[in-house]
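Dear colleague,

I am passing the structure on to you below, together with an account of what came out of it. Please read the text with the structure open beside you.

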Amino acid sequence: MNRKFAWVALLGAVLFSAGCGSDEGIGLDTYPVEGTVTYTDGSPVSGARVTFSAVGGKHASVGSTDASGKYSLITGEADGAPAGEYKVKISGGNVDPKYSTDAGAQPATVKSEATTVDFKVDAKK
């Protein structure tokens, strides 16, 4: 029983310190980020997850593509992402799995203003 309580307490502490579900946890201003993910043939990527991971940072911003391939990011509960440099992974849909790896991550820059970042990806083979 004590061991189970310790694990629950540890998990709670980790989630709290990570700012689980709140932009207050990262303490950074966020700016609107949106874009479109398309396959190399120009068709939209539907149902993909787009993850912006801060280079040298400890936060990530995420979004999902709709039927037209459009996405917008959130960070915790805040719309957008903090300004900075990111490595972007794209997974799901019919996207080639290489884009969901560190080696296949694409660079992106979020400015201190509304930013549009579009991506072209290969389909699974």
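Helices and strands are here DSSP runs, of at least four residues for a helix and at least two for a strand, and they are numbered from the N terminus. Read in that way, the protein follows the pattern α-β-β-β-β-β-β-β-β-β-β along its sequence, which amounts to one helix and 10 strands. Please keep in mind throughout that this is a predicted model.

Some overall values come first. The protein has 125 residues, of which 32% count as buried, and its accessible surface comes to about 7600 Å², with 56% of that belonging to carbon and sulfur atoms. Among the contacts between residues at least 6 apart in sequence, 61% join residues that are at least 24 apart.

The interior is best approached through the largest nonpolar core, which has 21 residues and in which Phe 52, Ile 90 and Phe 119 are those with the most contacts. At least two residues of this core are supplied by each of E1, strand E2 (48-54), strand E7 (84-92), strand E8 (106-110) and strand E10 (119-121), and the largest share, four residues, comes from E2.

Phe 119 also takes part in the aromatic pairs, of which the count comes to four. Phe 52 and Phe 119 form an edge-to-face pair, with 6.1 Å from centre to centre and 75° between the planes. Because Phe 52 lies in strand E2 and Phe 119 in strand E10, this pair ties together parts that are 67 residues apart in sequence. Phe 52 and Phe 119 are buried. For Tyr 71 and Phe 119 the ring centres are 6.4 Å apart and the planes stand at 35°, so that pair is tilted. Tyr 71 lies in strand E4 (residues 70-72) and Phe 119 in strand E10, so here the parts tied together are 48 residues apart in sequence. Tyr 71, like Phe 119, is buried. Phe 52, Tyr 71, Tyr 86 and Phe 119 form one aromatic cluster. Leaving aside neighbours within four places in sequence, the residues in contact with Phe 119 include Thr 36, Val 37, Val 88, Ile 90 and Ala 108.

Thr 36, which lies in strand E1 (residues 33-39), can be looked at from its own side as well. Residues up to four places away in sequence not being counted, Thr 36 touches Ser 68, Gly 69, Lys 70, Tyr 71, Val 117, Asp 118 and Phe 119. Is Thr 36 buried or exposed? Its relative accessible area is 17%, and since buried means under 20%, Thr 36 counts as buried. Thr 75, in strand E5 (residues 74-75), is buried with a relative accessible area of 3%, and a polar atom of its side chain lies 2.7 Å from the backbone oxygen of Gly 80.

Lastly, there is the hairpin that E2 and E3 form, with five residues between the two strands and with Gly 56 in the turn having a positive phi of about 70°. E2 and E3 pair in the antiparallel sense over five bridges, and Arg 49 stands opposite Ser 64 in E3. Along strand E3 (residues 60-64) the side chains alternate, in that Ser 61 and Gly 63 point to one face and are buried, whereas Ala 60, Val 62 and Ser 64 point to the other and are not.

With best regards

Key
Residues numbered from 1 in each chain as written. Predicted model: local features only at pLDDT ≥ 70, side-chain atom pairs only at ≥ 80, totals over all residues. Heavy atoms only, no water. Buried < 20%, exposed > 50% of the residue type's maximum accessible area, 1.4 Å probe, protein only. Contact = heavy atoms within 4.5 Å. Areas by Shrake-Rupley, 256 points an atom, 1.4 Å probe, with all protein chains shown as cover. Polar contact = N/O pair within 3.5 Å; in protein donor to acceptor, adjacent residues only side chain to side chain. Core = buried A, V, L, I, M, F, W, Y, C linked by side-chain atoms within 4.5 Å. Pairing = 2+ DSSP bridges. Phe/Tyr/Trp six-rings, centres within 6.5 Å; stacked < 30°, edge-to-face > 60°.
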